[in-house]
Amino acid sequence: MHNNQLIAGVQSKAEGWSPQQVLAWAFDTFGNKVAISSAFGTEGMALIDMASRLRTDFRVFTLDTEFLFPETYSLMETIESRYEIKIERVVSQFSPEEQEREYGAALWARDPDHCCNLRKVEPLRRKLNELGAWITSIRRDQTSFRKDARKIEWDAKFGLVKVNPIADWSSNQVWRYLLEHGVPYNPLHDRDYPSIGCTHCTRAIQPGEDPRAGRWSGTSKTECGLHLIEVQPLAATAGTKA
Ligand code: SF4
């Protein structure tokens, strides 16, 4: 079945599904060709916990920029032991030292889009090439780029199905899930870091600031480029990975 038929059959129905139902559909449809993509924010932690209650052999990958906080690396170890999974760590083809030799010091400060391309977008593209679908933890109210995300959609940028099980959740719903289920989370959240990325590009926020104000602070950048997609009409989608 072509992906456009596959998606057309479920896209509208899925909007009424719970996150667990969306996850179950993804696992049943794609088997080991689907993986959760996570940087282990609160939303990703909720999804990982939900997935663990549906099956034991689910896949999780992360884009390890090699610039993450020690707290994030420590959380990754906690996840691996608590859920008995091995996180697939995807790194850039350039080590931090090679990047500096090739493009100069502190590329993130001079050209963050280029740095994100090298350390996130290109590695993601490489990873997605081996999958038929990826599961993300984006929510519609996080940024203007995410407001039209469907729970199941065709990702024209990367050429595979994209599954967003908690697209319609609020941050409060995510927190409620974490606390009710005793899910581990990054301790930086308790120190005014609602959104956590690389050390170079993340700061704590001040009272009243937007939750994502601490990402690429002082620049107009709001996204690393992973979710900057134009979702094409179903008729235009014709992938064959499913
Ligand atoms: S978030 Fe900053 S340091 Fe991390 S890849 Fe993007 S620009 Fe580079």
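Strands here are DSSP runs of E at least two residues long, numbered from the N terminus. Val60 lies in one of them, strand β2. Keep in mind that you're looking at a predicted model. Here's a quick tour: the strands around Val60, an antiparallel hairpin, the largest pocket, the largest cavity with its cysteines, and a few residues with backbone angles to look at.

**Strands β1, β2 and β4**

- Start with β1, residues 34–37, which is covered on both faces. Val34 and Ile36 are buried on one side, while Ala35 and Ser37 are buried on the other.
- That fits a general pattern: side chains in a regular strand alternate between the two faces of the sheet.
- β1 runs parallel to β4 (residues 133–135), and three bridges join the two strands. If you want a spot to zoom in on, Ala35 sits opposite Trp134 of β4.
- β1 also pairs with β2, again in the parallel sense, this time over two bridges. Here Ile36 has Val60 of β2 as its bridge partner.
- To get from β1 to β2, the chain passes through α3, making a right-handed β-α-β crossover.
- Is Val60 buried or exposed? Val60 has a relative accessible area of 1%, so it counts as buried, given that the cut-off for buried is under 20%.
- For a sense of distance, take Val60 and Glu223: they're 163 residues apart in sequence, and their C-alpha atoms are 21 Å apart in space.

**The β5–β6 hairpin**

- β5 (residues 152–155) and β6 (residues 160–163) run antiparallel, with four bridges joining them.
- Across this pair, Glu153 in β5 stands opposite Lys162 in β6.
- Four residues sit between the two strands of the hairpin, and Gly159 takes a positive phi near 75° there.

**The largest pocket**

- How much space lies in the largest pocket? The volume comes to about 910 Å³.
- The pocket is lined by 39 residues, and the closest to its centre are Glu43, Gln142, Ser195, Arg212 and Arg215.
- Three elements each give at least two residues to the lining: α3 (42–54), β2 (60–63) and α8 (171–181).
- Of these, α3 supplies the largest share, with three residues. This is the helix you met in the crossover between β1 and β2.
- Sorted by class, the pocket lining has 17 polar, 14 nonpolar and eight charged residues.

**The largest cavity and its cysteines**

- Searching the whole structure turns up one cavity of 30 Å³ or more. The largest cavity has a volume of about 110 Å³.
- There are 13 lining residues, and the closest to the cavity's centre are Cys115, Cys116, Lys120, Cys198 and Cys201.
- Helix α7 (residues 112–128) gives the lining its largest share, five residues.
- By class, the cavity lining counts eight nonpolar, three charged and two polar residues.
- How many disulfides does the structure hold? The count is zero, where a disulfide would need a pair of cysteine sulfur atoms within 2.5 Å.
- Two of the cysteines around the cavity are worth a click. Cys116 is buried because its relative accessible area is 8%, and Cys201 is buried too, at 15%.

**Positive phi outside glycine**

- As background, most residues other than glycine have a negative phi.
- Ala106 has a positive phi of about 50°, even though it isn't a glycine. You'll find Ala106 in the loop between α5 (96–103) and α6 (107–110).
- With a relative accessible area of 27%, Ala106 is partly exposed.
- Asp192 is another non-glycine residue with a positive phi, near 70°, and it is found in the segment after α8.
- Asp192 is also partly exposed, since its relative accessible area is 47%.

**His227**

- His227 is found in the segment after α8.
- Why does His227 count as buried? Because its relative accessibility is 10%, and buried means under 20%.
- His227 and Arg146 are 81 residues apart along the chain, yet their C-alpha atoms are separated by 7.4 Å.

Terms used
Residues numbered from 1 in each chain as written. Predicted model: local features only at pLDDT ≥ 70, side-chain atom pairs only at ≥ 80, totals over all residues. Heavy atoms only, no water. 1 Å grid on protein atoms, 1.4 Å probe; cavity = no way out; pocket = protein on both sides within 12 Å on 5 of 7 lines; lining within 4 Å. Points joined across faces, edges and corners; volume = space filled by probe spheres on them. Nonpolar A, V, L, I, M, F, W, Y, C, P; charged D, E, K, R; others polar. Buried < 20%, exposed > 50% of the residue type's maximum accessible area, 1.4 Å probe, protein only. Pairing = 2+ DSSP bridges. Right-handed = clockwise from strand over helix to strand, strands pointing away.
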